[in-house]
Amino acid sequence: MTTYITTPIYYVNAQPHLGHAYTTIVADTYSRFKRLTGDTVRFQTGTDEHGDKIAEAAAREEESPKEYVDRISGMFKSTWPLLDIKPDFFIRTTDKNHVATVQKILQQVYDKGDIYFDKYSGQYCTGCERFLTEKELVDGKCPDHQTIPEEITEQNYFFRMSRYQQDLIDHIHANPEFITPERYRNEVLSFLSEPLEDLCISRPTSRLTWGIPLPFDDTFVTYVWFDALINYLTGIGYPDGDDFETYWNVAEHVIAKDILKPHAIYWPTMILSMGLPLYKKLHVHGYWNVDETKMSKSIGNVVRPAELVEEYGVDCLRYFTLREMSFGLDASFSADAIIARKNSDLANDLGNLYSRSTAMLFKYTDGIVPATVSTEDDTVLRDLAAAVLVTYQETMSNFQFHRALQAAWELISQANKYIVSNEPWALVKDPERIDRLHTVLYNLAETLRLLTLLLQPVMPGTCRKMAAGLGLAEDSPLVTDLKNNGGWGMIEAGTGLQKIDALFPRVETKKKKQQPAKQKSEKVSKKQKEKKKQKAEVAEGVISFDQFQKVELRVAEIVAAEAVRKSDRLLKLTVKAPEERVIVAGIAEYYKPEDIVGMQVLIVANLQPAKLMGIESQGMVLAAKVEEDGKSRLVLSTVSVPVPAGSGVA
Ligand code: ME8
């Protein structure tokens with residue numbers, strides 16, 4: 001099988017930040033996963049170097065556009081190895097090949113009659129590099145850039161996008177996985193339910209020279225999207241290269257939601273006009289915010305990947321981003337969150353399992369993997385490993401990286417329990433139970449091998465270390481070939497382990513400053529007053545209809561759920577109601593996160609947000625409180641048939 005995976009080509013008007021890093025880590029992880037399954041893979045990223053924004057940035061830096069783009073493109077190129085990201089090809093839109101092919105395609109589409117010259121007046125956003133429709137503006141501003149677009153009237157060339165609207169709608173209906181996750185597919189279909197306007201693809205050279213000249217009119221240069229999107233074809237040698245033949249029909253693009261429209265509408269209609277088959281899939285993710293706030297230069301909270309690598313290590317960053325973001329939804333970065341993941345998931349769970357298991361192997365069998373005697377006692381661990389493998393492959397294929405990692409962590413947790421319940425330290429003292437000890441140690445070594453294989457796409461460096469520690473070559477099929485070695489019992493008895501350093505040293509957290517005593521007591525008395533007031537209200541026991549009407553109940557669909565760190569009670573739910581929000585619910589004792597995704601529950605939608613374990617909860621989930629045998633448990637309230645998310649409750 002063959003895989004072709006791409007990231008957007010990033011504008012060189014800014015240096016790489018966490019958002020760029022995430023998309024590129026995703027594409028890198030996916031390409032490594034596909035290699036594990038035996039696919040021939042091509043992974044492409046690059047830089048987008050023409051247009052107004054770039055010319056303006058170069059002018060600000062007092063450089064020529066060419067000097068400027070060379071410098072910033074170089075920064076992107078040199079950032080990726082720091083993150084252990086290994087693209088097969090790095091494309092630049094100033095590459096000669098790319099420029100020539102864009103011109104060839106423009107001529108072809110022009111000759112076909114799909115490009116025409118016309119006068120146009122519209123609201124142009126420099127940030128988006130496109131004209132915005134009236135409908136897209138919010139309070140007269142571009143919602144993404146918070147700027148008032150410029151009213152521009154000029155003669156330009158237009159691409160007849162509207163001609164392909166119906167074909168595109170039909171394709172999306174016939175191929176439900178063309179745009180994923182589903183919410184973005186629905187967004188595109190809803191946009192396509194209105195007539196499409198044609199796409200302006202040129203700028204007069206009197207206003208912009210930093211672009212690709214139109215082959216049929218050199219007083220114009222091509223407008224950014226008709227240049228940038230074509231990179232996905234020029235990078236694989238369209239039209240004559242072998243790579244084009246090999247890879248185009250399996251092309252998968254990864255982007256964030258900011259460039260959904262260009263990728264889901266402009267690009268497919270351009271491809272249809274060229275007479276080519278459409279790309280296979282578009283994977284769309286949400287935004288990274290920082291401490292719940294949008295990342296922006298003006299706020300000064302832009303997170304640089306190189307700094308994170310320095311502070312936490314490359315694999316910690318890769319793991320954190322993939323584990324913390326549910327692909328498709330927004331996520332928030334904070335130093336606390338990454339430290340918590342490092343200390344708890346990496347140092348405590350994975351790191352400890354590795355160091356305990358290998359320490360026992362060194363102590364009890366001189367660092368040699370012992371032979372195993374298969375017994376019924378170990379089926380729980382083995383069955384779980386088999387189930388994890390299935391979930392892992394399915395979720396990695398579907399870009400649900402956080403779920404794949406959750407599954408791997410179930411195996412880690414089961415293996416840690418296996419150690420506790422089998423007590424190898426007791427077995428070693430009993431000469432009659434040495435076989436059992438060997439079996440337990442073998443199974444631990446095998447679990448570590450399997451984890452090395454599964455975690456490799458996400459944490460390649462750590463897995464290289466783990467493989468070395470297990471006495472396996474870094475390219476040994478036992479840790480690089482999922483197709484043949486995903487099963488149980490592959491590590492050979494007699495394999496000699498090597499001593500390695502701890503995988504993840506813990507990060508020491510600074511203690512929070514004590515609040516001054518006075519402030520504290522002020523807070524307490526305010527709280528007490530509030531409580532008194534509430535008690536007085538509750539004492540009356542009844543509420544008026546007016547009071548009840550103030551409570552807004554809605555049906556919400558759970559789109560993601562996960563345990564809250566350091567809490568046995570809380571689950572963090574991401575729900576659609578119909579807008580997306582996070583609700584923290586005290587139901588962890590009664591529900592597993594994976595069992596409630598997709599469920600429709602009732603929520604109080606207009607409750608003042610409250611922070612629980614550092615997470616802002618925007619509402620409350622309703623549940624029946626059931627008393628049984630002197631114990632109580634919660635049962636989520638739901639609806640009897642599926643209804644649109646966000647429906648009101650009367
Ligand atoms: O749009 N969270 O380039 P760009 C997550 N050149 N991802 C983010 C992000 C955030 N806060 N900010 C940026 C362009 N990204 C065009 C693309 S493609 C033919 C041309 C990532 O530099 C995400 O992948 O503005 C997003 O789609 C991309 O950077 C936008 O990069």
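This report describes the surroundings of a ligand, the packing of three helices and some backbone features in a predicted model.

**The ligand and its shell**

The ligand is surrounded by 23 residues, and those that come nearest are Ile9, Thr23, Asp48, Asp258 and Trp288. Two of the residues named there, Thr23 and Asp48, also make polar contacts with the ligand through their side chains. For Thr23, a polar side-chain atom lies 2.6 Å from an oxygen atom of the ligand. For Asp48, an N or O atom of the side chain is 2.8 Å from a nitrogen atom of the ligand. Tyr11 contributes through its backbone instead: one of its polar backbone atoms is 2.9 Å from an oxygen atom of the ligand. The protein buries 92% of the 670 Å² that the ligand exposes when taken alone.

Which elements give two or more residues to this shell? They are the strand β1 (2–11) and the helices α1 (18–36), α7 (224–228) and α8 (231–234). Of these elements, β1 gives the most, with four residues. Sorted by class, the shell has 13 nonpolar residues, eight polar residues and two charged residues.

**The packing of α11, α12 and α13**

Two packed helices are described by the angle between their axes and the distance between the axes. The table gives both values for two pairs that share the helix α12.

| Helix pair | Angle between axes | Distance between axes |
|---|---|---|
| α11 (residues 305–312) and α12 | about 115° | 7 Å |
| α12 (residues 314–324) and α13 (residues 335–365) | about 100° | 10 Å |

How are α11 and α12 oriented to each other? With an angle of about 115°, α11 and α12 are therefore roughly perpendicular to each other. On the side of α11, the contact is made by Pro305, Leu308, Val309 and Tyr312. On the side of α12, the contact is made by Val314, Cys316 and Leu317. The contact of α11 with α12 has seven nonpolar residues, with no polar and no charged residues.

The angle of about 100° between α12 and α13 means that these two helices are therefore also roughly perpendicular to each other. Here α12 contributes Cys316, Leu317, Tyr319, Phe320, Arg323 and Glu324. From α13 come Ala337, Ile338, Arg341, Lys342, Asp345 and Leu346. Cys316 and Leu317 of α12 thus take part in the contact with α11 as well as in the contact with α13. By class, the contact of α12 with α13 divides into seven nonpolar, no polar and five charged residues.

**Backbone features in loops**

Where in the chain are cis peptide bonds found? One of them joins Thr180 and Pro181, with omega at about -10°. Pro181 is placed in the loop between β7 (179–180) and α6 (182–192). Another cis bond runs from Tyr238 to Pro239, with omega near 5°. Pro239 lies in the loop between α8 and α9 (242–247); α8 is also one of the elements that give residues to the shell around the ligand.

A further backbone feature concerns Asp84, a residue other than glycine with a positive phi, near 60°. Asp84 is located in the loop between α3 (65–82) and β3 (89–92).

How values were computed
Residues numbered from 1 in each chain as written. Predicted model: local features only at pLDDT ≥ 70, side-chain atom pairs only at ≥ 80, totals over all residues. Heavy atoms only, no water. Near = heavy atom within 4 Å. Polar contact = N/O pair within 3.5 Å; in protein donor to acceptor, adjacent residues only side chain to side chain. Areas by Shrake-Rupley, 256 points an atom, 1.4 Å probe, with all protein chains shown as cover. Nonpolar A, V, L, I, M, F, W, Y, C, P; charged D, E, K, R; others polar. Axes fitted to C-alpha atoms, helices over the stretch in contact; angles between N-to-C directions. Parallel < 35°, antiparallel > 145°, perpendicular 65-115°, else oblique. Contact = heavy atoms within 4.5 Å.
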